[in-house]
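Okay, everyone, thanks for coming. Let me put the structure up and talk you through a couple of parts of it.

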Amino acid sequence: MAGTAQPSEKSDGLVFHPMDQFIVEPLFGSGPIHWYTVTNVTLWMGLSIVALVLLMLVGTSKRALVPGRAQSVGELAYGFVHKMVEDVAGRDAVPYFPYIMTLFMFIVLSNFLGLLPMSFTTTSHIAVTAVMAIGVFLAVTVIGFVKNGVGFFSLFWISSAPLALRPALALIEIISYFVRPVSHSIRLAGNMMAGHAVIKVFAAFAGVALISPLSVVAITAMYALETLVSFIQAYVFAILTCVYLKDALHPHH
Amino acid sequence: MEGDIVQMGAYVGAGLACTGMGGAAIGVGHVVGNYISGALRNPSAAAGQTATMFIGIAFAEALGIFSFLVALLLMFAV
């Protein structure tokens, strides 16, 4: 979305636009962007995949009784996501644990890599998060119909409500079901975009000598907050996937 | 001059859309505040409800993010 915005006249010195960091550019040369063009988004998504594979490969290569650093991080992440799936979605959802684990690790690593100075936050683009959210939406809908058949429609027909209210509630439930992928993707992208833009706005204030100390303090504080938000948004994305999965596996209210 | 009025309207609208984020802030504060007051009354049950709190935060926050998105669209897309 912000990627379509033109760079507002190439800036000089410390004057820059806070949204310039989200511009998608080809990695080699400067031609038009097609679907096959290698851009900075491709590079940083690839880097987070590499980081994910490395973490898990190095973490599981030794399988020591007393875990080292990589193994500890890998075990922590695995145990954390596994417990979340079991607690929120129930034991029936454990077969789908690898999908949620992959989503969570990819998002958390993309967010953390995006926090590096001069890097690119791939999850700040709705095009990236929408693919993941639509994937979750389609997967959950297919699982719901495969596991429950027509009984999946009882998700929209709330049998505990008074009969007169049920059609109105069904309409609301159907709308909220189809808004899920929208809110699921925009939540992650919006949080990432907003936080990074705020950091850049404070960075622009650093050019004014009078308030630059305040600006540096503000950047540090925002950076700490962003580190927290990066993790929490990945957690929220994964936990909402678990909630949707639970709805698909047990649609009866 | 006439085109500037449209631009001005977009900027004023973007500013007005940002008031929605204040509402989301109130909502998130309400969720977390109630969670903490409940957790202090019964600390043993608190750990089991952390996930529920985050789901509540996510739902409350989504609407604020929508208004942020409207503001961004008015600033950069319209």
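Starting at the N terminus, chain B goes α-α-α. That's 3 helices and 0 strands, and keep in mind that this is a predicted model.

So how does chain B compare with a compact globule? For 78 residues you'd have a radius of gyration near 12 Å, but chain B comes out at 18 Å. Along the principal axes, the C-alpha atoms of chain B fill a box of roughly 65 × 15 × 10 Å. Burial next: 17% of the 78 residues in chain B count as buried.

Now the contacts within chain B. Take those with a separation of 6 or more: 86% of them come from residues 24 or more positions apart.

What about the other chain? On the chain B side, 11 residues are in contact with 17 residues of chain A. That side of chain B has 10 nonpolar residues, 1 charged and no polar ones.

Over to chain A, and to helix H3, residues 97-114. At 1.5 Å a residue, its 18 residues should span 26 Å, and the end C-alpha atoms are 25 Å apart, so the two agree.

Which residues of H3(A) are buried? Among them are Ile100(A), Met101(A), Phe104(A) and Met105(A), and further along the list you get Phe106(A), Ile107(A), Val108(A) and Leu109(A). Ser110(A), Asn111(A) and Gly114(A) are also on that list.

And what do the buried residues of H3(A) pack against? Four helices of chain A: H1 (40-61), H2 (69-89), H5 (166-205) and H6 (212-249).

Definitions and conventions:
Residues are numbered from 1 along each chain as its sequence is written. Chains are lettered from A and ligands numbered from 1 in the order in which they are written. This is a predicted model: local features need pLDDT of at least 70, side-chain atom pairs count only at pLDDT 80 or more; totals for chains, interfaces and linings use all residues. Helices (H or I, at least four residues) and strands (E, at least two) are DSSP runs, numbered from the N terminus. The radius of gyration is taken over C-alpha atoms; the globule rule is 2.2 Å times the number of residues to the power 0.38. A residue is buried if 20 or more other C-beta atoms lie within 10 Å of its own, exposed if 12 or fewer, and partly exposed in between; C-beta atoms are placed from the backbone. Two residues are in contact if their C-beta atoms, placed from the backbone, lie within 7 Å. Ala, Val, Leu, Ile, Met, Phe, Trp, Tyr, Cys and Pro count as nonpolar, Asp, Glu, Lys and Arg as charged, and the others, Gly among them, as polar. The expected span of a helix is 1.5 Å times one less than its number of residues.
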